[in-house]
Amino acid sequence: MKEGAVLMKKIKAILFDLDNTIIDREATFTHFIGDQYSRFIEANTSISKDTFVRTALRYDNFGYSPKSEVYAGLCADIPASIDPTVLEADFLVRYGDRPILFHESLDVLRTLSQIYPLGLVTNGRAKSQNQKIDRSLIREYFTSIKISGEEGVKKPDPEL
């Protein structure tokens, strides 16, 4: 018990990442792509929603591929006449509107924020990362939030 108390006194703050730590990035992206299918693709193709989503996930490479490449590859693979720039523009505006949290996220943030200052450090575009933070109602738990798109530097650069 004493060792735990000593450890707690040494911790001055806790830093979190956003995607795949607090927010289930794959579930959020999968839901978004499924929504795009319903809004843009479904009426214009014989391809199933499941196939569309799986193909998008393959091109997305867990969020590491540029979205222009994701949508160019996706549109080249599906039998529908849709301009990939239309889907990319929609992504830039709407992605982040409906983030899906890991089920423990709010409880963990609520509990830890009562004991420690919490910081959030995340790579990504400012608009979508801020949307995810605000729409998931987690901003209040952090004393500091740094987003690479606002700061002009990405993790793992220590400046961020």
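Which residue in S2 is the bridge partner of Phe16? Keep that in mind while you load the chain; the tour reaches it shortly.

**Whole chain**

This is a predicted model. Show the full trace first. The chain holds 8 helices and 3 strands. Read from the N terminus, the elements go α-β-α-α-α-α-α-β-α-β-α. The C-alpha trace spans about 65 × 30 × 25 Å along its principal axes.

Switch on the surface. Its accessible area is about 9,300 Å², and carbon and sulfur atoms supply 55% of that. Of the 160 residues, 39% count as buried. Now colour by charge. There are 21 positive and 23 negative side chains, and the centres of the two sets lie 5 Å apart. If you draw a contact map, look at separations of 6 or more: 69% of those contacts join residues 24 or more positions apart.

**Strand S2 and its partners**

Select residues 118-122, which form strand S2. All 5 of its 5 residues are buried. Turn the strand to inspect each face. Leu118, Leu120 and Thr122 sit on one side, with Gly119 and Val121 on the other, and both faces are covered. In a regular strand, side chains alternate between the two faces of the sheet.

Add residues 14-16, strand S1. S1 and S2 run parallel and are joined by 3 bridges. Here is the opening answer: Phe16 has Leu120 as its bridge partner in S2. Leu120 is also one of the buried residues you have just seen in S2.

Next, add residues 144-147, strand S3. S2 and S3 pair in the parallel sense too, over 4 bridges. Pick Val121 and look across to S3: Lys146 stands opposite.

**The crossover**

Keep S2 and S3 on screen and add residues 126-135, helix H7. Together, S2, H7 and S3 make a β-α-β unit. What is its handedness? The unit is right-handed.

**Gln131 in H7**

Zoom in on Gln131, which is in helix H7. Is Gln131 buried or exposed? Its relative accessible area is 12%, under the 20% cut-off, so Gln131 counts as buried. Which residues does Gln131 touch, leaving aside those up to four places away in sequence? Show Val93, Tyr95, Gly96 and Asp97. Then set a distance label from Gln131 to Pro99. The two are 32 residues apart in sequence, yet their C-alpha atoms are 8.4 Å apart in space.

**The loop between H3 and H4**

Move to helix H3 (49-60) and helix H4 (67-77), with Asn61 in the loop between them. Check the backbone of Asn61. Its phi is positive, about 50 degrees, although Asn61 is not a glycine. Asn61 is partly exposed, with a relative accessible area of 39%.

Step on to Phe62, in the loop between H3 and H4. Phe62 also has a positive phi, near 60 degrees, and is a residue other than glycine. Is Phe62 buried or exposed? Phe62 has a relative accessible area of 60%, over the 50% cut-off, so Phe62 counts as exposed.

**Last stop: a cis bond**

Finish in the segment after helix H8 (148-151), where Pro156 lies. Select Lys155 and Pro156 and read omega for the peptide bond from one to the other. Omega is near 15 degrees, and the bond is cis.

Definitions and conventions
Residues numbered from 1 in each chain as written. Predicted model: local features only at pLDDT ≥ 70, side-chain atom pairs only at ≥ 80, totals over all residues. Heavy atoms only, no water. Buried < 20%, exposed > 50% of the residue type's maximum accessible area, 1.4 Å probe, protein only. Helix = DSSP H or I, 4+ residues; strand = E, 2+ residues; numbered from the N terminus. Pairing = 2+ DSSP bridges. Right-handed = clockwise from strand over helix to strand, strands pointing away. Contact = heavy atoms within 4.5 Å. Areas by Shrake-Rupley, 256 points an atom, 1.4 Å probe, with all protein chains shown as cover. Lys, Arg positive; Asp, Glu negative; His and termini not counted. Charge placed at Lys NZ, Arg CZ, Asp CG, Glu CD.
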